[in-house]
Amino acid sequence: MRKALSGSLFLFLIFSAHSLLAQQDFSKVEVHVQKVNGSVYMLTGAGGNVAICVSDNGVLMVDTEFPQMSEKIEAALQKLSDKPLRYVIDTHWHGDHVGGNANFRNRGALIIAQENVRRILASGTMRDGRKYEPAPPEALPQLTYEERATVYLDGEEVRLIHVPHAHTDGDTVVYFTNSHVLDLGDDYRTDGFPLVDEDNGGTVKGMIAALDGVMKEYPPDTKVIPGHGPDPMTVADIKSFADMLRDCRARVEKGIEQGKTLEQLKK
């Protein structure tokens, strides 16, 4: 009962925003490019934010947004570099982050993800009462890892770290070691309340633990690309978000202990 109520409250708070997102007109969406630090850039468009790392011999991209955005993302890539896109890293399985996988794989990119991402995409899943059919083979990651992996893109060492049971159970935190930039996917966002995919291994407790781990391991001035939100942040900025999650979780637990209903908790 405790888990169901806390999950329902989180889903209720983000439902309206995500419903509006799914109904948007992609033809009117522009892709905005910002330099974050070193060789890393941040792209904002219709879905989750995209990280781009450029080098003399190729480009690495983190997440691919919706498939309808692929041509606009490709145009933005061409402005940053005339080198080929070599790697795509999926931070998790949700469609607003991996929807363009097939399009960029067809352009020659190698798709990399935590092993649970490929498992979910290959088998299909349920989420919030909705059935997701298996993804087509060309949209699946070609290379998976379990706990940690490293990609070397010329002078940039790109570390992939699995954070379990956070936003989902397939989350990847990406760290660009030379540029000192973190991409946290949807474990951190600045545009509103987070979504926790309990149907696929996500937990509020795990998300808090992931953020606490980031704040402990990386210097406060490390640049951070959020999963959603208009601007790059820093590790120091994460604290208020993590504290908000802790406070909300404590309020929900206290309400449950007091016997409050879901409707009372929403209010």
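These are my notebook entries on a predicted model, covering its sheets, a few buried residues and some salt bridges.

**Open sheet**

I began with the strand order. Seven strands, written as 7 in my table, make an open sheet that runs β1-β2-β3-β4-β5-β6-β9, with mixed pairing. The edges belong to β1 (32-37) and β9 (143-145); each has a single partner strand, so one side of each is left without a neighbour in the sheet. From one strand to the next I get an average twist of 25 degrees.

Next I looked at one pair inside this sheet. Strand β3 (residues 50-54) and strand β4 (residues 59-62) run antiparallel and are joined by 4 bridges. I followed Ile52 across and landed on Met61 in β4, its bridge partner.

Then I checked what covers the β9 side. Helix α5 (residues 115-123) lies across β6 (110-114) and β9, and its angle to β6 is about 105 degrees.

**Strands β10, β11 and β12**

I moved on to β11 (residues 156-163), which pairs with β10 and with β12. With β10 (residues 148-153) I find 6 bridges in the antiparallel sense; Arg148 has Ile161 of β11 as its bridge partner. The hairpin of β10 and β11 has 2 residues between the strands, and Asp154 there takes a positive phi near 55 degrees. With β12 (residues 171-176), β11 again pairs antiparallel, over 6 bridges. Here I noted Tyr175 in β12 as the bridge partner of Arg159.

How many residues of β11 are buried? I get 6 of the 8, so the strand is largely enclosed by the rest of the structure.

**Loop between β13 and α6**

Two charged residues caught my eye in this loop. Asp187 sits between β13 and α6, and so does Arg189, where I have the bounds as β13 (181-183) and α6 (204-217).

What does buried Asp187 have for a salt bridge partner? I found none: the nearest side chain of opposite charge is Arg189, 10 Å away. Instead, I see the Asp187 side chain reaching the backbone nitrogen of His167 at 2.9 Å. I also listed what Asp187 touches beyond its sequence neighbours up to four places away; among them are Val163, Asp171, Met207 and Phe241.

Arg189 has 7% relative accessibility, so I put it down as buried. Its side chain makes a polar contact of 2.7 Å with that of Asp191. I also took the C-alpha separation from Arg189 to Lys216, which lies 27 residues apart from it along the chain, and got 19 Å.

**His94**

His94 is in the loop between β5 (85-89) and α3 (95-98). Its relative accessible area is 2%, so I call it buried. Leaving out residues up to four places away in sequence, I have His94 touching Arg127, His167, Thr168, Leu195 and Asp197.

**Salt bridges**

I count 11 salt bridges in the structure. One of them involves Arg127, which has its closest N to O approach to Asp128 at 3.9 Å. Arg127 is buried at 12%, whereas Asp128 is partly exposed at 45%.

Lys131 and Glu133 meet at 3.8 Å, N to O. Lys131 is exposed at 56%, and Glu133 is exposed at 55%.

I finished on helix α7 (residues 238-257). Asp243 and Arg246 form a salt bridge at 3.2 Å. They are 3 residues apart in α7, so about one helical turn separates them. Through shared partners, salt bridges join Asp212, Lys239, Asp243 and Arg246 into one network.

Key:
Residues are numbered from 1 along each chain as its sequence is written. This is a predicted model: local features need pLDDT of at least 70, side-chain atom pairs count only at pLDDT 80 or more; totals for chains, interfaces and linings use all residues. Side-chain values use heavy atoms; hydrogens and water are left out. Buried means under 20% relative accessible area, exposed over 50%, partly exposed in between (1.4 Å probe, protein chains only). A polar contact is a pair of N or O atoms within 3.5 Å; within protein, one must be able to donate a hydrogen and the other to accept it, and residues adjacent in sequence count only if both atoms are side-chain atoms. Two strands pair if DSSP finds at least two bridges between them. Axes are lines fitted to C-alpha atoms, for helices over the stretch in contact, and angles run from 0 to 180 degrees between N-to-C directions. Contact means heavy atoms within 4.5 Å. Lys and Arg count as positive and Asp and Glu as negative; His and the chain ends are not counted. A salt bridge is a side-chain nitrogen of Lys or Arg within 4 Å of a carboxyl oxygen of Asp or Glu.
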